[in-house]
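Got a few minutes for some structure reading? Have a look at the model below, then try the exercises.

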Amino acid sequence: MKWVLSLLCLLAGCAREPADKMVKPVTAAQLLDAVRAPGARAVLVNVYATWCGPCKEEFPDLVKLEQNYRVKGLRMIFVSADDEDNMPAVKQFLAKQGVTYPTFLKAQKDMEFINGLDSRWDGSLPATLLYDGAGKQRDFWVGMKDYKTFEDKLKPILEEKP
Amino acid sequence: MKQKLLIALLVAFAVSAQALKVGDKMPATDVKLKGEGGKEMTLAELAKGKRGTLVVITCNKCPYAVAWERRIVDIGNDWVQKEKNLAVVAINPNDPNQSPSDTLDKIVERSKKEFFKFPYVQDTTQKLTKAFGATKTPECFLFNNKGVLVYHGALDDNHKDEKKVTQRYLREALNAMRHGEEIKVTETKAMGCSIKFR
């Protein structure tokens with residue numbers, strides 16, 4: 001419960017920590033709590049790693065998507081699959097990408113985390129999951145995609161009546 | 001932008017290929033794989049007369065592949081010994097134009113440096129990789145003496161720290177197969193680096 005409250009606080013932007021410090025460890029279950037937290041009309045979860053070339057190439061499109069659709073109700077959740085000892089590289093990467101909101105770091109064994117999010121996922125990175133405001137999964141992509149691919153699926157969900 | 005879209009399409013194609021399922025027959029046994037000095041070999045040649053075949057799709061740079069490399073080599077070297085009589089092959093699937101650390105020269109160099117006692121070869125056409133439905137490095141595929149897939153997935157449950165491993169999936173599958181016992185865990189997952197398809 002405490003975790004969910006602090007998560008809600010983070011997602012609502014009430015934390016005062018510098019953004020580059022807001023990389024919180026997360027399990028798949030906790031991530032799904034973050035997805036279902038109230039206040040969003042659509043949620044994109046992107047699992048990336050700083051050592052993953054396609055992830056880094058795709059990342060700016062997702063950042064741009066968040067900037068363009070935040071006011072319409074998009075919540076973007078980035079989850080790094082880096083090892084914990086790679087945290088400095090994660091923070092540096094996020095700062096360089098201009099991410100100014102809380103993000104997460106996978107803190108669970110791979111198979112539990114992968115299956116906890118979507119059993120169809122084989123573990124390849126990047127992976128992106130799209131949910132509606134009720135937390136229902138609406139789409140799933142493995143591998144690098146572009147702005148338009150995400151936008152085409154996102155817009156109709158944002159336009160749905162609550 | 002065009003190049004980015006093309007890469008996205010290629011990756012999408014790559015992940016749409018279905019991975020082999022336990023019980024499937026070994027595909028692409030006649031695909032020519034390239035080793036040291038340009039020497040070609042096929043899975044059919046490597047597997048002939050063996051108790052089973054272990055195919056590890058791996059590469060030189062991916063942090064997961066690198067972290068698991070010593071364990072891959074140790075298992076491979078251990079199981080190619082005559083009494084165990086297993087065919088072991090490490091296959092690098094990456095397009096070297098996109099991944100310069102995965103040229104044939106660097107594959108050969110790596111296999112010598114790390115004392116591979118089994119072939120570490122390049123899937124130059126990527127036909128075998130696609131037939132296997134592999135999407136990332138590393139990925140292990142273990143076939144029995146009939147060429148049927150009996151285990152697919154990760155080496156163990158901790159790529160980062162061997163001391164913290166609690167499940168040695170591949171070794172357990174190998175031991176069970178050798179003794180004719182049921183393999184308890186036949187499919188596992190781990191993260192890895194997307195294969196660089198042309």
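Three short exercises follow, each with a worked solution, and keep in mind that this is a predicted model.

**Exercise 1.** Work out which elements of chain B supply at least two residues each to the side that touches chain A.

*Solution.* Start with the head count: 20 residues of chain A are in contact with 21 residues of chain B. On the chain B side, helix H1 (2-16) and strand S9 (193-194) each supply at least two residues. H1(B) gives the most, with eight residues. Now sort that side of chain B by class: you get twelve nonpolar, five charged and four polar residues.

**Exercise 2.** Find the buried residues of helix H6 (residues 169-178) of chain B, and explain why they sit on the same side of H6(B).

*Solution.* First pick out the buried ones: Tyr169(B), Leu170(B), Ala173(B), Leu174(B) and Met177(B). They cover an arc of only 130 degrees around the axis, so they end up on the same side of H6(B). Next, check their packing partners in chain B: strand S3 (52-57), helix H3 (63-79), strand S7 (139-144) and strand S8 (149-153). Finally, look just past the helix: H6(B) is followed by Gly180(B), with a positive phi near 70 degrees.

**Exercise 3.** Decide how Asn158(B) should be classed: buried, partly exposed or exposed?

*Solution.* Locate Asn158(B) in the loop between S8 and H6 of chain B. Count C-beta neighbours inside 10 Å: there are 19, and buried needs 20 or more, so Asn158(B) is partly exposed. Leaving out residues up to four places away in sequence, Asn158(B) touches Lys164(B) and Val165(B). As for Ala67(B), it is 91 residues from Asn158(B) in sequence, with 9.4 Å between the C-alpha atoms.

How values were computed
Residues are numbered from 1 along each chain as its sequence is written. Chains are lettered from A and ligands numbered from 1 in the order in which they are written. This is a predicted model: local features need pLDDT of at least 70, side-chain atom pairs count only at pLDDT 80 or more; totals for chains, interfaces and linings use all residues. Two residues are in contact if their C-beta atoms, placed from the backbone, lie within 7 Å. Helices (H or I, at least four residues) and strands (E, at least two) are DSSP runs, numbered from the N terminus. Ala, Val, Leu, Ile, Met, Phe, Trp, Tyr, Cys and Pro count as nonpolar, Asp, Glu, Lys and Arg as charged, and the others, Gly among them, as polar. A residue is buried if 20 or more other C-beta atoms lie within 10 Å of its own, exposed if 12 or fewer, and partly exposed in between; C-beta atoms are placed from the backbone. The arc is that of the directions from the helix axis to the C-beta atoms.
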